[in-house]
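Hi everyone, thanks for making the time. I'd like to walk you through one structure today, residue by residue, so please have the display in view.

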Amino acid sequence: MNEAMARKPAAWPRWLVYLGALLAIGGPVLAVAMALATGAGMIGWETGLGSLRSLLMVTVAGLVLTIVGLIIVLFGRRWPLLKWGLLAAVVSGAFLAYVGVWLGQMSAVPPIHDVSTDLTTPPEFAVLELRADNREAVPPGIDPRMAALDNAMRWRLYHTEAYGDIRPIIVPTSVPDTVAAAEQLVEDRGWTLATSNAAAGRVEATETVSLYGFRDDVVLRIVPNADGPGSIVDMRSVSRVGVSDLGVNAERVREFLADLQAATGQ
């Protein structure tokens, strides 16, 4: 009997693979579940996003255990366990790669969440409400120049250096026609329109982004062109929560204004 037990493969490599697979697959699944719960309003965004760090650690631990288990399985020729190890490696690897791209985007853009074509007098919201901590949530980062600046100046410097291409546009259409074109673009994009006022030259809307259901607010200020025909359009896009926006607001402004120029025949 002792000889039979000695020939029987140890059970611990099998459980190592199972445990690794549970962690490596469970981490991403829970991350998605937390994101969906945040988007549904079941939990706060701080909780939903804050859980990501712990779930990343769980996923990494699971991937390490899976790799070790796979090595043992291959040497022991325990082929039925391969499918679990490979599935865990694929799921966890894809999840970690996605988060890695996400973190790379964060490091490539400034830590701001408010983008405007006018840095001196940004378009103001009349219907939607600007977040109370909008200027306070501008960290100095590692740039020594930022430490001596107040939050508004810090925001302008970040913005100027990263998004110097974002400027007002001039379109050939009247203010009411430009407002109508902007409203149509908002509808085409599936944004939630808050107001469209041709007389005031104002459009405000909200876009919901990512599984977390983050909401970003936009406002367009449209005035007659004092130097010629047509209208001047300023746009501002602000994230309601968080510090860095991963460059989403800047890209939104660029794309919307380009489409508005095309829609108005510019």
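Let's begin at Val219, which touches Pro123, Glu124, Phe125, Arg202, Val203, Glu204, Asp234, Met235 and Arg236, leaving out residues up to four places away in sequence. Before I go on, please keep in mind that this is a predicted model. Val219 sits in strand β5, and with a relative accessible area of 0% it is buried. To give you a sense of distance, the C-alpha atoms of Val219 and Trp15 are separated by 56 Å, and these two residues are 204 places apart along the chain.

Now to the nonpolar cores. Which residues have the most contacts inside the largest one? They are Tyr163, Trp191, Leu220, Val233, Met235, Phe256 and Leu260, in a core of 31 residues. The elements giving two or more residues to this core are α6 (151–162), β2 (169–171), α7 (175–189), β4 (202–209), β5 (214–224), β6 and α8. Of these, α7 gives the most, with six residues. As a general remark, nonpolar side chains tend to be buried together in soluble globular proteins.

If you'd like one residue to look at in that core, try Phe256. Setting aside neighbours within four places in sequence, Phe256 is in contact with Ala182, Leu185, Val186, Arg189, Trp191, Leu220 and Met235. There is also a second, separate core of 10 residues, and Ala35, Leu52, Leu55 and Phe214 are among them.

On to the aromatic rings. How many aromatic pairs does the structure hold? There are three, and I'll show you two of them. In the pair of Trp15 and Tyr18, the ring centres are 5.5 Å apart and the planes are at 75°, so this pair is edge-to-face. Trp15 and Tyr18 are about one helical turn apart, because they are three residues apart in helix α2 (residues 12–39). Trp15 is exposed, with a relative accessible area of 54%, while Tyr18 is partly exposed, at 31%.

The other pair is Trp191 with Phe256. Their ring centres are 5.4 Å apart and their planes are at 20°, so these rings are stacked. Trp191 lies in the loop between α7 and β3 (192–197) and Phe256 in helix α8, so the pair ties together parts that are 65 residues apart in sequence. Buried or exposed, then, for Trp191 and Phe256? Both Trp191 and Phe256 are buried.

Next, please turn to the loop between β6 (231–239) and α8 (248–263), where we find Asp245. Asp245 is buried, yet it has no salt bridge. Which side chain of opposite charge is nearest to Asp245? That is Arg252, 6.6 Å away; a salt bridge would need a side-chain nitrogen within 4 Å of a carboxyl oxygen. The side chain of Asp245 does reach the backbone nitrogen of Gly247, at 2.8 Å. Not counting residues up to four places away in sequence, Asp245 touches Ile112, His113, Val115, Tyr163 and Ser239. You may remember Tyr163 from the list of residues with the most contacts inside the largest core.

Val243 has its place in the loop between β6 and α8 as well. Val243 is partly exposed, with a relative accessible area of 34%. Its contacts, leaving aside neighbours within four places in sequence, are Pro111, Ile112, His113, Ala137 and Pro139. So Ile112 and His113 come up for Asp245 and again for Val243. The C-alpha atoms of Val243 and Glu183 are separated by 28 Å, with their positions 60 residues apart along the chain.

Leu246 also belongs to the loop between β6 and α8. Although Leu246 is not a glycine, it has a positive phi of about 60°. Ser210 is another non-glycine residue with a positive phi, of about 65°, and its place is in the loop between β4 and β5.

One last stop, in helix α3 (residues 45–76), which holds Thr66. Thr66 counts as buried, at 0% relative accessibility. Leaving aside neighbours within four places in sequence, Thr66 is in contact with Gly20, Ala21, Ala24, Gly85, Ala88 and Ala89.

That's the tour. Thanks for listening, and I'm happy to go back to any part of it.

Methods: Residues are numbered from 1 along each chain as its sequence is written. This is a predicted model: local features need pLDDT of at least 70, side-chain atom pairs count only at pLDDT 80 or more; totals for chains, interfaces and linings use all residues. Side-chain values use heavy atoms; hydrogens and water are left out. Helices (H or I, at least four residues) and strands (E, at least two) are DSSP runs, numbered from the N terminus. Buried means under 20% relative accessible area, exposed over 50%, partly exposed in between (1.4 Å probe, protein chains only). Lys and Arg count as positive and Asp and Glu as negative; His and the chain ends are not counted. A polar contact is a pair of N or O atoms within 3.5 Å; within protein, one must be able to donate a hydrogen and the other to accept it, and residues adjacent in sequence count only if both atoms are side-chain atoms. Contact means heavy atoms within 4.5 Å. A nonpolar core is a set of buried Ala, Val, Leu, Ile, Met, Phe, Trp, Tyr and Cys residues joined through side-chain atoms within 4.5 Å. Rings of Phe, Tyr and Trp (its six-membered ring) pair if their centres lie within 6.5 Å; planes under 30 degrees apart count as stacked, over 60 as edge-to-face and the rest as tilted.
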